[in-house]
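Colleague: Please take me through this model, one question at a time. I will ask about places in the chain, and you give the reasoning before the answer.

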Amino acid sequence: LFAAAGAAPASISFEESLLTIAAADDRFEFQVEMAVSPAQRSQGLMFRESLEEDRGMLFDFGQPQQATMWMRNTYVPLDMLFIDEHGRITQIAADAQPLSDAVIASRDQVRAVLELRGGVSAKLGIKPGDRVIHPLFTEP
């Protein structure tokens with residue numbers, strides 16, 4: 001998810017979708033922007049000054065693959081939830097540091113990455129193994 005360094009915010013639009021996370025004891029709904037095209041995935045949440053707790057961005061890679069993310073030009077700390085093709089959260093990179101060029105990589109192949117405001121996963125008790133319910137994912 002590497003974009004040109006120092007690039008100005010582009011006027012890229014994102015479709016929105018409802019997503020549910022089925023955690024151990026509860027279900028949580030989020031309104032997410034869909035980053036599907038290469039341009040959308042490159043832009044991501046860069047240059048945003050805030051992100052509500054019930055909002056996020058779902059990066060769809062189209063098929064399972066090793067995913068790499070970073071926080072360049074991203075002002076808000078984020079939780080990155082790595083999700084397999086069946087909607088299972090395989091890993092969470094919590095509270096990613098704003099404006100960092102450090103690469104955050106998936107340990108396994110994933111279909112998507114969900115970015116939420118930093119700290120939301122811990123606050124809600126979302127953990128690896130929880131399930132993301134969204135049309136993007138197939139039932140196991």
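Colleague: In which strand is the place of Glu-33?

Modeller: This is a predicted model, in which local features need pLDDT of at least 70 and side-chain atom pairs count only at pLDDT 80 or more, while totals for chains, interfaces and linings use all residues. Residues are numbered from 1 along each chain as its sequence is written, and side-chain values use heavy atoms, with hydrogens and water left out. Helices (H or I, at least four residues) and strands (E, at least two) are DSSP runs, numbered from the N terminus. On that numbering, Glu-33 has its place in strand β2.

Colleague: Is Glu-33 buried or exposed?

Modeller: Buried means under 20% relative accessible area, exposed over 50% and partly exposed in between, with a 1.4 Å probe and protein chains only. The relative accessible area of Glu-33 is 10%, so Glu-33 is buried.

Colleague: Which residues does Glu-33 touch, apart from those up to four places away in sequence?

Modeller: Contact means heavy atoms within 4.5 Å. The contacts of Glu-33 outside that stretch are Phe-14, Glu-15, Glu-16, Leu-45, Arg-48, Arg-55, Gly-56, Met-57 and Leu-58.

Colleague: Which residue in β2 stands opposite Glu-16?

Modeller: Two strands pair if DSSP finds at least two bridges between them. Strands β1 (residues 15-22) and β2 (residues 27-35) run antiparallel and are joined by eight bridges. They make a hairpin with four residues between them. Opposite Glu-16 in β2 is Glu-33.

Colleague: β1 also pairs with strand β9; what is the bridge partner of Ala-22 there?

Modeller: The pairing of β1 with β9 (residues 131-133) is antiparallel and covers three bridges. In β9, Ala-22 is partnered by Arg-131.

Colleague: Where is Phe-137 found, and which residues is it in contact with beyond four places in sequence?

Modeller: Phe-137 is in the segment after β9. Its relative accessible area is 8%, so Phe-137 is buried. Between the C-alpha atoms of Phe-137 and Arg-88 there are 8.9 Å in space and 49 residues in sequence. The contacts of Phe-137 are Leu-58, Ile-83, Asp-84, Glu-85, His-86, Gly-87, Arg-111, Ala-112 and Val-132.

Colleague: What is the phi of Phe-47?

Modeller: Most residues other than glycine have a negative phi. Phe-47 lies in the loop between α1 (38-43) and β3 (55-65). Phe-47 is not a glycine, yet its phi is positive, near 70 degrees.

Colleague: Where does Leu-99 lie, and what is its phi?

Modeller: Leu-99 is in the loop between β6 (89-96) and β7 (104-105). Although it is not a glycine, Leu-99 has a positive phi of about 65 degrees.

Colleague: How many aromatic pairs are there, and which parts does Phe-47 help tie together?

Modeller: Rings of Phe, Tyr and Trp (its six-membered ring) pair if their centres lie within 6.5 Å, and planes under 30 degrees apart count as stacked, over 60 as edge-to-face and the rest as tilted. The count is one aromatic pair: Phe-47 and Tyr-75 are edge-to-face, at 6.2 Å centre to centre with 80 degrees between the planes. Because Phe-47 and Tyr-75 sit in separate loops, the pair ties together parts 28 residues apart in sequence: the loop between α1 and β3 and the loop between β4 (68-69) and β5 (78-83).

Colleague: Are Phe-47 and Tyr-75 buried or exposed?

Modeller: Phe-47 has a relative accessible area of 17%, so it is buried. The value for Tyr-75 is 41%, so Tyr-75 is partly exposed.

Colleague: How many residues of β5 are buried?

Modeller: On one side of β5, Leu-78, Met-80 and Phe-82 are buried, and on the other Asp-79, Leu-81 and Ile-83 are buried, so that both faces are covered. The count of buried residues in β5 is six of six.

Colleague: What stands opposite Asp-79 in β8?

Modeller: β5 runs antiparallel to β6, with five bridges, and antiparallel to strand β8 (residues 110-117), with six. In β6, Leu-78 is partnered by Ala-96. In β8, Asp-79 stands opposite Leu-116.
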